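Trainee: I'd like a close look at a single part of this protein. Please take me through one spot in detail, then show me how the rest fits around it.

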Amino acid sequence: MKITIVGTGYVGLITGTCFANAGNNVTCLDIDPKKVETLNKGEAPFFEPGLSEMMTKSINAGRLDFSDDSSTAFTGSDIIFICVGTPTGNDGKCDLSYVLGVADDISKVLDTFDTPPVVVVKSTVPVGTTHRVAERLHGEYFIANNPEFLREGNAIDDFRTPDRVVCGVESEEAQAALEQLYAPFTGDGHPLLFFDIHSSEMVKYASNAMLACKISFINEIASLCERNGANIERVRTGMCADSRIGNQFFKPGIGYGGSCFPKDTLAVMEMGDNANAPCLVNTAVHELNQRQRRWFANRILEHFDNDLTGKKVALWGLAFKPNTDDVRDAPSIDIAKTLIDAGAEVTGFDPEAWETYGSEVPEVTIVSNMYEAAADADALVICTEWDEFSSPDFDLLKAKLKDQVIFDGRNLYIRAEMARHGFHYYSVGRPTLEICTA
Ligand code: UGA
């Protein structure tokens with residue numbers, strides 16, 4: 001099939017590359033000519049395992065190209081995917097101007113098609129937006145919605161072996177085209193689900209909101225555990241043994257970040273307000289997430305009697321989660337800013353997010369080695385659970401640190417081991433003991 005993808009952000013680029021890899025002819029359209037030039041060389045603008053290799057393979061096979069020319073990029077397309085951003089605007093509302101702008105661009109060329117294309121909204125949009133896109137299209141087309149459920153860092157696998165693919169359609173033509181396109185990725189255990197368009201749009205928000213809810217819930221229980229002498233890791237294990245609860249997205253920490261959960265919970269709250277049906281659970285989920293970051297930063301401040309003047313803090317993990325260089329809404333940003341405001345000098349290390357983080361918090365000195373970050377530091381703060389942090393050389397770490405204090409926002413270590421090494425170890429939802437037994 002001939003496919004046009006509009007927007008080469010995370011969703012657009014992964015989608016376009018994976019469809020091209022499956023044998024389709026894909027053109028990805030973006031307004032930024034410099035970005036287009038880089039993409040045509042097979043260079044991904046962000047870190048995602050396996051992506052550049054797959055792009056290069058499809059570009060060399062002539063199945064994938066990138067363009068900034070909207071007058072030609074749509075020519076002969078069977079399916080057009082709208083994958084542009086829906087950021088939260090200054091007023092806190094979901095900004096749909098990019099999505100609706102693309103609809104206007106498509107509308108201008110609709111009369112050049114021999115066969116009406118299927119226009120698919122893939123961007124995460126509030127319920128009703130796909131129909132707003134349709135209202136702006138003048139000519140012949142079939143409309144559809146197809147939310148994406150990719151996780152950064154795992155996106156290629158998620159695309160190729162999806163838990164499910166959800167489509168909202170209102171014509172047989174759109175359904176047939178999407179069935180054909182997704183056939184290589186769906187089948188046994190990977191259902192392709194067709195709903196009405198409003199329900200499809202809602203599945204996306206409801207899924208992210210549910211996952212965010214699980215995280216805030218476990219963080220709230222972690223806080224209770226700590227205050228009552230229980231250990232959240234044991235409590236979680238006990239809870240997750242109940243198959244009705246399950247064990248995913250239930251790790252306590254310093255809250256969720258990234259470009260999706262924070263934005264999508266706010267969008268759900270906005271939908272509730274607009275419908276005069278306030279979303280109380282989602283409001284609490286959002287507030288708990290903000291509280292979790294503040295609580296962790298305050299714990300560090302309290303350890304230093306609220307004055308970090310002249311103190312040096314090492315920060316391991318800057319990305320909002322492992323296996324990405326994305327720092328959007330990363331807890332490490334709020335935490336570093338709080339420490340800097342309290343007078344600390346912060347040195348950061350991240351395996352991938354060294355470039356992206358610099359513009360967010362320029363005061364943080366970024367170094368290229370985790371032990372170098374710890375050199376002479378009065379404390380080590382861990383914000384992201386990268387693999388390389390899980391079994392560090394504790395003797396070396398101890399020798400590097402000036403004061404052997406660790407604030408672990410991801411519960412990476414066994415407390416008894418930390419006590420054995422002589423660290424003063426703080427974690428999340430586990431009693432803080434300088435000498436502990438588990
Ligand atoms: C999320 C969803 O998982 C995807 O299904 C969805 O497609 C995507 O949003 C989107 O809407 O585009 P993503 O933001 O890439 O994906 O990252 P996640 O792996 O979901 O992690 C989100 C945040 O939750 C991270 O900050 C992570 O550290 C945190 N988290 C996750 C926890 O604190 N605890 C957990 O148990 C799991």
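Which residues does Val-381 touch, not counting residues up to four places away in sequence?

Mentor: Keep in mind that this is a predicted model. Val-381 touches Phe-296, Ile-300, Val-313, Ala-314, Leu-315, Trp-316, Ile-335 and Phe-407, with residues up to four places away in sequence left out.

Now place Val-381 in its setting. The largest nonpolar core has 53 residues. Val-381 is among the residues with the most contacts inside that core, along with Trp-316, Ile-335, Leu-339, Tyr-357, Leu-397 and Phe-407. Helix H12, residues 331-341, gives this core its largest share, five residues. A second core of 39 residues is separate. Leu-39, Ile-59, Cys-83 and Cys-167 are included in that second core.

Next, the domains. The domain assignment splits the protein chain into domain 1 (2-195) and domain 2 (261-434). Their C-alpha centres lie 35 Å apart. At the contact, 15 residues of domain 1 meet 13 residues of domain 2. The two domains bury about 1100 Å² between them. Carbon and sulfur atoms carry 51% of that area. On the domain 1 side, three residues stand out: Phe-47, Thr-88 and Glu-152 supply 49% of the area that domain 1 buries against domain 2, more than any other three residues.

Now turn to a strand, S5, which spans residues 118-121. In a regular strand the side chains alternate between the two faces of the sheet. Strand S5 has both faces covered. Val-118 and Val-120 lie on one side, Val-119 and Val-121 on the other, and all are buried.

S5 has a strand partner in S4, residues 79-82. S4 and S5 run parallel, joined by four bridges. Ile-82 stands opposite Val-121 in S5. Helix H4, residues 97-109, completes a right-handed β-α-β unit with S4 and S5.

S5 also pairs with S6, residues 142-145. That pairing is parallel too, over four bridges. Here Val-118 stands opposite Phe-142 in S6. Helix H5, residues 129-136, makes a right-handed β-α-β unit with S5 and S6.

To trace this on the model, start at Val-381 and pick out Trp-316, Ile-335 and Phe-407 among the residues it touches. Then move to S5 and follow its parallel pairing with S4 and with S6.

Conventions. Residues numbered from 1 in each chain as written. Predicted model: local features only at pLDDT ≥ 70, side-chain atom pairs only at ≥ 80, totals over all residues. Heavy atoms only, no water. Buried < 20%, exposed > 50% of the residue type's maximum accessible area, 1.4 Å probe, protein only. Helix = DSSP H or I, 4+ residues; strand = E, 2+ residues; numbered from the N terminus. Pairing = 2+ DSSP bridges. Right-handed = clockwise from strand over helix to strand, strands pointing away. Core = buried A, V, L, I, M, F, W, Y, C linked by side-chain atoms within 4.5 Å. Contact = heavy atoms within 4.5 Å. Domains from an automatic or database assignment. Buried area = accessible area lost by both parts, 1.4 Å probe.
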